[in-house]
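Let's walk through this complex together, one chain at a time and then across the boundary between them. Keep the structure open beside you as you read.

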Amino acid sequence: MVTGQPRADQARLSPHRRLAGLYAVLVVMLCASLLTGAVPLSLAQSLAGLWSGDDLAATIMREIRLPRTLLALFVGGILGISGAALQGLMRNPLADPTVFGAPQSAAFGAVLVLYSGMAGALSVVLPLAAIGVALLSFGVLMRIVGREASVVALILAGLAIGTLAGAATSIVIALSPNPFAVTEIVFWMMGSFEDRSLLHVGLSVPFILAAMGLLLSQGNGYRALVLGEDSATSLGINVSRLRWMTLASVAMGVGAAVAVSGAIGFVGLIAPHCARLLVGADPKRILWPSLLSGSLLMLMADVLVRLVPAQTELRVGAVTALLGVPLFVAAIRRHRGLFAEGAA
Amino acid sequence: MTSTTLHAEQVSLDLGGRTVLHAVDLAFAPACLHAMVGPNGAGKSSLMRILAQVLVPSSGRVLMNGRPLAGLSANQRARMVAYLPQDRQAVWPMPVRELVMLGRMPHGATVERATRQDWQAVDQALERTKVSGLAHRCIAQLSGGEKARVLLARALATQAPVLLVDEPIAALDPHHQWLMMELLQQEAQAGCLVIAVLHDLSLAARFADRIVMLDQGRVVVQGDSVTVLTAQRLADVFGIAVTLEQDKHGLRLVQTGLVP
């Protein structure tokens, strides 16, 4: 028998080739994101503006399109890998930060800090508050459903937490003296990359990178969990530590992302499914491709909102939800057995 | 490897106010197939989980070769004790050979980083459980009997001196039940200490070197099949009426009814 990496799926393209394709599309979308905007700039102008000069093109590139592109890249990436990690941890293809109410809770945390006047929109307190409340929401979720959580219990509890956080967010904004609060509600609830600066990038990306690194390092744990918690424990995996690490990392990454972009849903659900199409179901192997797929989906959605002619720009969160909900429903239909059995 | 012993020393377990195990004291002889029998709720699975160190007992400890198992690091312990729990699941549709490689995780091996020796252990385990032909298939496509053998291969791939299997033949047809018992017997004969939770008393009598009977969290008796399986005891513990005959195949057990 030959040694090496066998594949269960008899596909024409090797997973390596498909991953290479993913990289290629990602690069194309990065360029598309840098070249798309209200002001028509030529390719040469754009490239030149990115590196040098202080004309209009340079300002547009460096202060509008570059931050926007970088944020979409990192926020999409952390949502994608968070979804993959949570699905691996919960052994459940329906797990996603949004389903558990984490982004909605993070948005509430950020709004609370902004409107209580504790800190400004460009303070590091903002992502910290978002991370804190996201972490708290996971804590509450785990308290509600307990360790041996069934899928139904998890989703229902997540729904309750997400709805509560959304309601709390709108109440805080409504009670604020700021007359522009309504637009802010839309921003936090729907998510957007409009009008972000490199400061926003600096505020969120360190947390996001740290969370990505932590999640990537847990791959063996998710893979061992394929056989259930007892088997994983007997293989030397500390399951409670794995659970804690995953939830804390997801809260940190998603919290930081939401603090600068608002709550953007369903990327964490779609991205791992895309990754599985590319490299198979192995929960460790899908981590990195899920990150890339999340970035790609987010860039695509963000380019799309800029291309659609509308009075006010479409919200990227609305676009990802539009893409994500049908996929979510399809996933539920496909994995109906999970609900019949009840146990996760 | 042939001399590894396991000893549950005064192991008690309380779960939610209910005492599941009462000071269980059991020694498991090396290179034997031990069958653990008892009615539902006797505490068999809990004791197995404690022996595997997946569950921490309320009091007492598990000794391996006289040394506490809890003193080992998670990886060291995982190399010494392979455990196949009762609920056998593989949630993600992974290739069989990669799934079996999980058994090498205690040795620091992963699919991405496995030595020739690790792949040999995996292929050997697949061969022993007679599923080499399925190596590149997806676990989700296998029948119950095939899946059970693949998951046993995962436990065997660790090459641990102790193998704990919880209800390995539940939900298998008679052919595969027999096959599975033969595999476990072979492992024991090769020097492994095998403990299997069994509900089929006839197969336990036929294959096991030693039988331990639990009831209501206590050890009723431990010994060879003739000592343990008596009509009186089966009536007391299981509430069943049986006739027992010794023939050339060993102890024969025929259930004739329930004890009123």
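Two residues are in contact if their C-beta atoms, placed from the backbone, lie within 7 Å. With that in hand, look at chain A: among its contacts between residues at least 6 apart in sequence, 79% join residues at least 24 apart. Please keep in mind throughout that this is a predicted model.

Chain A is built with 15 helices and zero strands. It has 344 residues, and 53% of them count as buried.

How confident is the predictor? For the complex, it gives an ipTM of 0.92 and a pTM of 0.89. For chain B, the mean pLDDT is 93, and 99% of the residues reach 70 or more.

Now turn to chain B, where you will find an open sheet of four strands. Their order is S2-S1-S4-S5 (chain B), and the pairing is antiparallel. At the edges sit strand S2 (18-28) and strand S5 (67-68) of chain B, each of which pairs on one side only. Strand S1 (residues 6-15) of chain B runs antiparallel to S2(B), and seven bridges join the two. To find your place in this pairing, start from B:Ala8: its bridge partner in S2(B) is B:Leu26.

What lies across this part of chain B? Helix H1 (residues 44-51) of chain B lies across S1, S2 and strand S4 (59-64) of that chain. The helix runs at about 120° to S1(B).

Next comes the place where the chains meet. Here 32 residues of chain B are in contact with 23 residues of chain A. On the chain B side, the elements that give two or more residues are helix H2 (74-80), strand S6 (81-84), helix H3 (96-100) and helix H4 (116-128) of chain B. By type, the chain B residues that touch chain A divide into 21 nonpolar, four polar and seven charged.

Finally, consider the nonpolar interior. The largest nonpolar core has 196 residues, and those with the most contacts inside it are A:Ala106, A:Ala110, A:Ala130, B:Val100 and B:Leu164. Helix H3 (residues 56-90) of chain A gives the largest share of this core, 14 residues.

B:Leu164 is a good residue to click on. Which residues surround it, leaving aside its neighbours within four places in sequence? B:Leu164 is in contact with B:Met48, B:Leu51, B:Ala52, B:Val81, B:Tyr83, B:Leu84 and B:Ile195. Two of the elements you have already visited appear in that list: B:Met48 and B:Leu51 fall in helix H1 (residues 44-51) of chain B, while B:Val81, B:Tyr83 and B:Leu84 fall in strand S6 (81-84) of chain B.

Notes
Residues are numbered from 1 along each chain as its sequence is written. Chains are lettered from A and ligands numbered from 1 in the order in which they are written. This is a predicted model: local features need pLDDT of at least 70, side-chain atom pairs count only at pLDDT 80 or more; totals for chains, interfaces and linings use all residues. Two strands pair if DSSP finds at least two bridges between them. Axes are lines fitted to C-alpha atoms, for helices over the stretch in contact, and angles run from 0 to 180 degrees between N-to-C directions. Ala, Val, Leu, Ile, Met, Phe, Trp, Tyr, Cys and Pro count as nonpolar, Asp, Glu, Lys and Arg as charged, and the others, Gly among them, as polar. A residue is buried if 20 or more other C-beta atoms lie within 10 Å of its own, exposed if 12 or fewer, and partly exposed in between; C-beta atoms are placed from the backbone. pLDDT is the predictor's confidence in each residue, from 0 to 100. A nonpolar core is a set of buried Ala, Val, Leu, Ile, Met, Phe, Trp, Tyr and Cys residues joined through C-beta atoms within 7 Å.
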